[in-house]
Amino acid sequence: MAEATQREFVFSRRDFEEVRKMIYDHAGIALNDAKEDMVYSRLARRLRATGLRSFQEYLALIRSGDAVEWEAFVNSLTTNLTDFFREAHHFHLLKEFLHTRHERPITIWCSAASTGEEPYSIAMSAVEVFGGFNAPVQVLATDLDTNVLKKGSDGMYTQDRIKKLTEAQQRQFFLKGTGDRAGMVKVKPELAAMVKFFQVNLLDASWPVVGQVRGGLDAIFCRNVMIYFDKPTQYTMLKKMKPLLKPDGLLFVGHSEALYHATDLFRLRGQTVYEHAELPHGSARK
Ligand SMILES: C[S@@+](CC[C@H](N)C(=O)[O-])C[C@H]1O[C@@H](n2cnc3c(N)ncnc32)[C@H](O)[C@@H]1O
């Protein structure tokens with residue numbers, strides 16, 4: 001753990017508390033005391049980038065409402081770890097589920113999409129189920145962090161990011177970079193066309209995703225983001241998600257995000273996969 005004396009900038013307890021309150025109020029991200037070093041090192045980069053010499057000056061800039069730095073501040077405080085086909089069992093279940101869907105189009109909201117690996121994994125699963133890029137599936141990929149949204153819509157990854165995919169998947173879904181782009185891969189345009197990236201803050205009272213959905217969502221992926229929220233924030237968010245999900249739709253959550261506190265809203269249907277709590281048992285499977 002870095003001692004305060006070894007630090008390049010003074011970062012007081014009061015500075016940490018202020019950052020903590022701002023990001024909690026804006027994004028619901030609850031930073032505990034153990035995150036102090038992480039917050040320091042991520043924001044120290046912003047001080048260097050802006051040329052400011054103290055956290056007091058930096059936080060004054062943030063308080064002043066500087067839109068550009070506010071966005072960079074928020075982006076710095078999100079954690080974006082993700083992977084293609086992360087928690088692979090969800091994609092097996094998704095494929096089975098897609099086979100049973102009759103209404104068109106099938107709309108899936110990936111609500112913490114990070115750098116795009118998750119929504120592209122959903123789209124790849126759909127192509128495999130429907131046998132082509134004309135699969136009747138639209139993936140809405142949203143996140144709070146504007147940097148990751150840009151990376152997702154660029155769809156460029158280092159080759160090692162896709163090494164766990166089969167050879168056939170690598171060929172079907174990615175273009176290999178050459179020359180300057182050697183070692184990089186890019187999502188094929190046909191796959192990219194199935195995924196639409198835009199910003200949604202899950203803490204906001206109104207979600208732009210609502211205007212994109214007619215007739216409800218077939219599935220919602222909300223994985224590995226609730227871990228950053230406290231239970232009341234999780235519950236409020238889940239309550240808002242519920243009416244967006246079709247009566248027989250599915251909610252996929254992360255491996256450590258059991259919804260014991262929201263059993264009035266959703267009930268377990270499979271490993272970290274939920275359905276509406278009030279459905280007659282077994283009805284979503286028909
Ligand atoms: C650890 S990543 C999870 C990525 C992906 N869902 C997965 O499971 O691999 C968490 C993501 O949640 C996003 N996030 C954090 N707070 C958010 C909020 N209030 N609204 C929307 N996205 C948020 C972060 O920017 C980050 O990209």
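## The loop before β1

Pro105 sits in the loop that runs between α5 and β1 (106-110). In this predicted model, the peptide bond joining Arg104 to Pro105 is cis, with omega at about -5°.

Another loop is worth a look while you have the backbone on screen. Glu87 lies in the loop between α4 and α5. Its phi is near 55°, which is a positive value in a residue other than glycine.

## Two domains and their contact

The domain assignment of the protein splits the chain into domain 1 (4-77) and domain 2 (89-285). Their C-alpha centres are 30 Å apart. Eight residues from domain 1 and eleven residues from domain 2 make up the contact.

On the side of domain 1 that touches domain 2, the elements giving two or more residues are α1 (13-27) and α4 (67-77). Helix α4 supplies the largest share of that side, with three residues. By class, this side of domain 1 has four nonpolar residues, three polar ones and one charged one.

## Helices α2 and α4

Helix α4 also has a packing partner in α2 (residues 36-50): the two helices pack at an angle of about 150°, and their axes are 9 Å apart. Angles over 145 degrees count as roughly antiparallel, and α2 and α4 are therefore roughly antiparallel to each other. Their crossing is right-handed.

If you would like to find the contact in the structure, look on the α2 side for Val39, Arg42, Leu43, Arg46 and Thr50, which meet Glu69, Ala72, Phe73, Ser76 and Leu77 of α4. The residues of this contact comprise five nonpolar, two polar and three charged.

## Helices α5 and α6

A second helix pair is formed by α5 (residues 89-99) and α6 (residues 117-130), which pack at an angle of about 45° with 10 Å between their axes. That angle makes α5 oblique to α6. The crossing of α5 and α6 is right-handed.

From α5, the residues in the contact are Phe91, Leu94, Lys95, Leu98 and His99. They meet Ser121, Ile122, Ser125, Ala126, Glu128 and Val129 in α6. Sorted by class, the contact of α5 with α6 holds six nonpolar, three polar and two charged residues.

## Around the ligand

Finally, the ligand: it is surrounded by 25 residues, and the closest are Thr78, Thr82, Ala112, Leu202 and Asn224. The shell takes at least three residues from each of the two domains, domain 1 (4-77) and domain 2 (89-285).

By class, the residues of the shell around the ligand are eleven nonpolar, nine polar and five charged.

Conventions
Residues numbered from 1 in each chain as written. Predicted model: local features only at pLDDT ≥ 70, side-chain atom pairs only at ≥ 80, totals over all residues. Axes fitted to C-alpha atoms, helices over the stretch in contact; angles between N-to-C directions. Helix = DSSP H or I, 4+ residues; strand = E, 2+ residues; numbered from the N terminus. Parallel < 35°, antiparallel > 145°, perpendicular 65-115°, else oblique. Left-handed = near helix turned anticlockwise from the far one by under 90°. Contact = placed C-beta atoms within 7 Å. Nonpolar A, V, L, I, M, F, W, Y, C, P; charged D, E, K, R; others polar. Domains from an automatic or database assignment. Near = placed C-beta within 6 Å.
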